[in-house]
Structures are given as C-alpha cells and as structure tokens.
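Work through these exercises with the structure in view. Each task is followed by a solution in steps.

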Amino acid sequence: MIPSVNPPGSRTIGLLAYLYGPGKREEHVDPHLVASFDGMAPDPGRDPDATLTALQQLLDQPVQALPKHARPAKHVWHTSVRTAPGDRPLSDDEWAEVARRIVAATGIDPGGGQPGCRWAAVRHADDHIHIVATLVTEDGRRPDDYRSGARAQAEARLIEKELGLHKVAPGDGTAAQRPTSAERHKADRQGRERTAREELRETVRRAVAGTAGEEEFFSRLAAAGLLIRKRAAPSGDLLGYKVALPDDLNKDGEPVFYPGARLAPDLSLPRIRERWSTNGPAVRQQEEVRTGAGRSAAARRATASALWQTVLVFGHDEDAVAAAHIAAAGEVLDALAATSAAHTRRELRDAATAFERASRSHIRAVRGHDHALRQAARDLVQGGPVLGRGEDGASTAMVIDMLFFLITAAAHWHARKGHAQQADAAVQAAKHLRTAYQAAAAQPLGVLYQHGRRLSRPILQRQSALLREALPDLAEQILTEPGWYALAATVTEAEAAGHDPAALLSDVAAQRELGTADSISDVLVWRLRRAADLPADVTHSSETSSGARSTTLRGTARASGPGRRRNSEESSRQRL
C-alpha cells in the first residue's frame, strides 16, 4: 500500500472537481465518498441533491471562520492511498477504515478527543482513494502534521499486514523523488514513455559515469542535448546546476528546469564532486593507454577484471567502502547500458534504472576505494558503442557475467543491513542482467560449444578426468550440463597457452561461491578466460593443440554451420 502525500494546495473546490470529474483520460469510475470526518458529509457522486460546493464549504468552514490574515495560504492537504498491483480489490468499508487510520496517523484527525481537521475520502477506482483535508482544526489551530508522509508510510506497513496485502519495502529517505501526478499526466499527453524527470535522471547519471571533473561532466550534458543552468556564488565559484529537456515546456513556453538534487540525492553538484575528489588526475593519466583499434573490447576486458577483483573483496571491508563499490558499480552499469549493442540495450538500461535505487543508502560511501570501477566506467564510455559481434560481443557477455555476481553480492549486503528497498532493487537489476547475459552470450558460447563437441574422445576423456581431479565436488554436475563442451574447449585453449588447467580450475572455482549459478560451466568459462587472459571471443584465439591432434578455434567456429545458433540458444538458456 502506497500513500503519496502531496504539497499543500489552495483551492479545495478545484481538487474536489478533479476527484469527482472524469479524470484526465476518462479513467475515473463511479466517484463517491467512502468516509469523512463526521460520517455525514454530502456525497456529490451518489446523492443527487449534494453538490461539490456544499462539500467544499463544509470542509473549508474552519478555515473561513478565521480572520483573513490568520488563514493559511496553502490550506488543502491531499494524499492518495494506492494498493500494489496484484492486490485484491478492497471494499468501501475497508477503504473507509484505511482512510480513518491514515488521517489519525498523520495528525490530520488524531482522534482520542483531540480536535482534528475536516476531511473526506473519495474513491473513483478499484485500487486507490484520495483523502482531502483542510489544515485548520475545529478549534482554529494548525494540526500536528509534521512528516505526515513518513507517518502515512509507517501506518501503511501495518495496514498491509492486517489486510494481507503486498508488503512494500520500507524506505530510508535516500530514494530519488518520484514523478508527480502532474508530470505523469504531462508525459502521457506528450506521448512520452517516461516523465521528463526520469529522462533527465538517466541522462545525468550516464553523463557522470567515469567523469574526471566538472568540465567533462557539463560537456557530456551538453552533448546529450540538455539545457543547462549553472548557479554561481558572487565569487564566481560554482554552487549547483539545473537541467531541462529542450521540448519540456511550461504553460508560458519556457523550459522546465530540475536541480540535480531533485533528480536524485547523489546527483547534486557537491555529491558528484565527491567522486572526483580522490581519483580525477589518475583517471586523466590513464585514458591515453586505451586508444586505437579494438579499444571497446579492451575496455570491456579491463572492466570484467575490475569487477571480478571487486567481487573478491566485496563485503570484507568497512561498510563505507562497500557503499562506494556499490555506487561505482552503478556507474559501470550506466556506462555499459549507454554503449551496448541493440540486442542487449533495453535489458541493460532497465537494469541500470532498477539499480539506481540500490546505489544509495544511509551508509555514506567513502570515495577512493572505488577508483578501479570508476576507471572501468570511463574506459567503457571512451571505448564507445559496440555492435555486439566478435570480441566486442563476447567481452560484453563477460562483463555482464561479472557484473551479475557483484550486483547479486550487493543485494545480499543490502539485505543483511536491513536496506529492504535497495535489496529489492538489486535483485530486480540482477534479473535484467540475467536476460541481457543470455542475449550477449548466445553466440560466443555457441561457438565454444561447437568446438567442444568436435574435440576427440581421448581429449574429452582427459578433460573429464582433469575436472574430477580439480573439482571433485562439482565435476559430476558440470559434466551433465550442456555448457560442459564450452568449458572443455576453454580448458584445452588455456592448456595450449601454457597454463596448468587443473590449478587454474581449482583457483577460479575457489574464488567465489558457485551455488547461485544455474550453469556452473558457463560461469567457469568466463572466469577461466579472464584469468588465463584468453580472448573473450573464441574466433580471436590462436591455434590450439592437444595431444596428436590440433585444430584452430577459428576453423572450428567456421565449421559449426547451421547448428551453431541452436546449440548457442540451448547453452544460453542454461545460464545463471
């Protein structure tokens, strides 16, 4: 159950006219009262003799009884209370009880003999009600409605439990501000998929990912097509900024600007500067290293390595360090979504949007320890967009695989800390990453699968024995997985490159648990390829020899023929 307390308004009659009217899109059905302060308020929806004016005058009477100079300018309190999707419809009597509990909890009408405000609860849909109140009590005082939004949320948690409704995760005050109903209606009228606030939040987050300083940050905002206003002190020092979409205009035809802090708490200029305070110069010094042909694939391989190193240490440091790693993981995800190929772009974008909520908590990040991940985000942006084929596509699958493990670890960390909303957000992000991985990994794993199937029986038998020696507790499960052939091909390739395959397998398997993976063989493929410094795309590998037989992986890929896509899809469905 989700209460949404709006800023106070000034016209009771205007709000009532909207609630009893047809709605912006004819969505209001059977508007009627379910409860009121005295249980006897006129109902213009079902009583033909009642009028909106009569209801408005009744609610406004305590306000009008005050001298004009004592009347509050903004005297109309308004909240909607909505059930979650999938909840059963509540009866009018149940909604009436919900309304009485919300106004009591928020101090609007506390009960217990205390003077309260006049209020009415209107229902015009199955899944929500609106409560309208006037902010003057019967004895002419201002109600004690301080933090009424938080108090309404707390009461909603109790109501959910008692009525058997979906339990909404409690917040901690670090969530980004949700779009207002006016912003949502405006987006609908303009045919936008998202509100201007949401589009700006995503654009600013992508712009800040891996940046080294203010000049680069504002250059990226301008390149993204945003309008920018900077706020400076008399000394000339920059204090803040606002951004707007060029086509998002107010009634006067002027752009609607949003301060960074109103998009998300960590997008204010002071909070963004914290990211630059410890690693800006180092980022600039390293950017010349990764240039030239293949830099997008090189950036992805470096990112996979940085993510994996973070996975290995995540949760073993102080909470503030873990918070910094989580925030930087959000930057990597934003950068990956911005540079991804078409077949993974939507899922990665949805993953980044979901993880935005998980990137902040009441534990303040201590910057500096996140340098490697911020460098990785910068490398991804500098490497540019990829087409999703060859080494670019395979290295993208490797990055998503490593990112999945880090974000899953972040979900567990948030859950242990009692950060319910953040944990849920990380879980949702991981689900989108799982889908994106399946799309990205299908082709490269399919090629490896074909190569593994073409290995001779003696080689496969030797690799099976090696697997049982290195991973005795996991070997039998791995040997039954379709991905085993891709793993056998990778082990063969690592051995040809001079590595001890048994030691390498033992090492990568021991580095982090494998219990959350649906396909252990898939996970080990990417860990082995990263640890052995093998190209993510098998078609870029050098000639591989095993025993008396040698075959090039490139030749095997070409020989895979029409069956490659079928085997690729079979393997990808087993992932995670």
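**Exercise 1. Strand 2**

Task: Decide whether strand 2 is enclosed or open, then find its pairing partner.

Solution.
- Strand 2 covers residues 32–36. This is a predicted model.
- Count the buried residues: five of the five. A residue counts as buried when its relative accessible area is under 20%.
- Strand 2 is therefore largely enclosed by the rest of the structure.
- Next, the partner. Strand 2 pairs with strand 4, residues 117–123, in the antiparallel sense. Four bridges join the two.
- One bridge can be picked out: His-32 has Arg-123 in strand 4 as its partner.

**Exercise 2. The five-stranded sheet**

Task: Give the strand order of the open sheet of five strands and name its edges.

Solution.
- The order is 1-3-5-4-2, and the pairing is antiparallel.
- Strand 1 and strand 2 are the edge strands, since each pairs on one side only.
- Average the turn between neighbouring strands, ignoring direction: 25°.
- Now look inside the sheet. Strand 4 pairs with strand 5, residues 128–137, over six bridges in the antiparallel sense.
- In that pair, Cys-117 is bridged to Thr-137 of strand 5.
- In general, strands of a sheet pair through backbone hydrogen bonds, either parallel or antiparallel.

**Exercise 3. Helices across the strands**

Task: Which strands do helix 1 and helix 2 lie across, and at what angle does each run to strand 5?

Solution.
- Helix 1 lies across strand 2, strand 3, strand 4 and strand 5. Its angle to strand 5 is about 165°.
- Helix 2, residues 52–64, lies across strand 4 and strand 5. Its angle to strand 5 is about 25°.

**Exercise 4. Two serines**

Task: Classify Ser-10 and Ser-148 as buried, partly exposed or exposed, and list their contacts.

Solution.
- Start with Ser-10. Its place is the loop between strand 1 (2–5) and helix 1 (12–20).
- The relative accessible area of Ser-10 is 40%. Partly exposed lies between 20% and 50%, so Ser-10 is partly exposed.
- Beyond its neighbours within four places in sequence, Ser-10 contacts Ala-73, Lys-74, His-75 and Val-76.
- Take Lys-74. It is 64 residues from Ser-10 along the chain, but their C-alpha atoms are 4.6 Å apart.
- Turn to Ser-148, which lies in helix 4, residues 148–163.
- Its relative accessible area is 8%, so Ser-148 is buried.
- Leaving out residues up to four places away in sequence, Ser-148 touches Val-5, Trp-77 and Thr-106.

**Exercise 5. The three-stranded sheet**

Task: Describe the open sheet of three strands and find a helix that packs on it.

Solution.
- The order is 6-7-8, with antiparallel pairing.
- Strand 6 (227–232) and strand 8 (258–259) are the edges, each pairing on one side only.
- Strand 6 and strand 7, residues 238–244, form an antiparallel pair with six bridges. Arg-231 has Gly-240 in strand 7 as its bridge partner.
- Helix 6, residues 196–208, packs on this sheet. It touches strand 7 and strand 8, and makes about 125° with the direction of strand 7.

**Exercise 6. Checking helix lengths**

Task: Test the spans of helix 14 and helix 21 against 1.5 Å a residue, then see what follows each helix.

Solution.
- Helix 14 has 13 residues, 371–383. The expected span is 1.5 Å times one less than the number of residues.
- That gives 18 Å for helix 14, and its end C-alpha atoms are 18 Å apart, which agrees.
- Buried residues of helix 14 include Leu-373, Arg-374 and Gly-383.
- Gly-384 follows helix 14, with a positive phi near 85°.
- Helix 21 has 12 residues, 520–531, and should span 16 Å. Its end C-alpha atoms are 16 Å apart, so the check agrees.
- Helix 21 is mostly covered, with 11 of its 12 residues buried. Among them are Ile-520, Trp-526 and Arg-530.
- Asp-533 comes after helix 21, and its phi is positive, near 60°.

**Exercise 7. The whole protein**

Task: How many helices and strands does the protein have, and what share of its residues is buried?

Solution.
- There are 23 helices and 10 strands.
- Of the 576 residues, 52% count as buried.
- Take contacts between residues at least 6 apart in sequence: 73% join residues at least 24 apart.
- The accessible surface comes to about 25,400 Å², and 49% of it belongs to carbon and sulfur atoms.

Key
Residues are numbered from 1 along each chain as its sequence is written. This is a predicted model: local features need pLDDT of at least 70, side-chain atom pairs count only at pLDDT 80 or more; totals for chains, interfaces and linings use all residues. Side-chain values use heavy atoms; hydrogens and water are left out. Buried means under 20% relative accessible area, exposed over 50%, partly exposed in between (1.4 Å probe, protein chains only). Contact means heavy atoms within 4.5 Å. Accessible areas come from the Shrake-Rupley method with a 1.4 Å probe; for residues, only the protein chains shown count as cover. Two strands pair if DSSP finds at least two bridges between them. Axes are lines fitted to C-alpha atoms, for helices over the stretch in contact, and angles run from 0 to 180 degrees between N-to-C directions.
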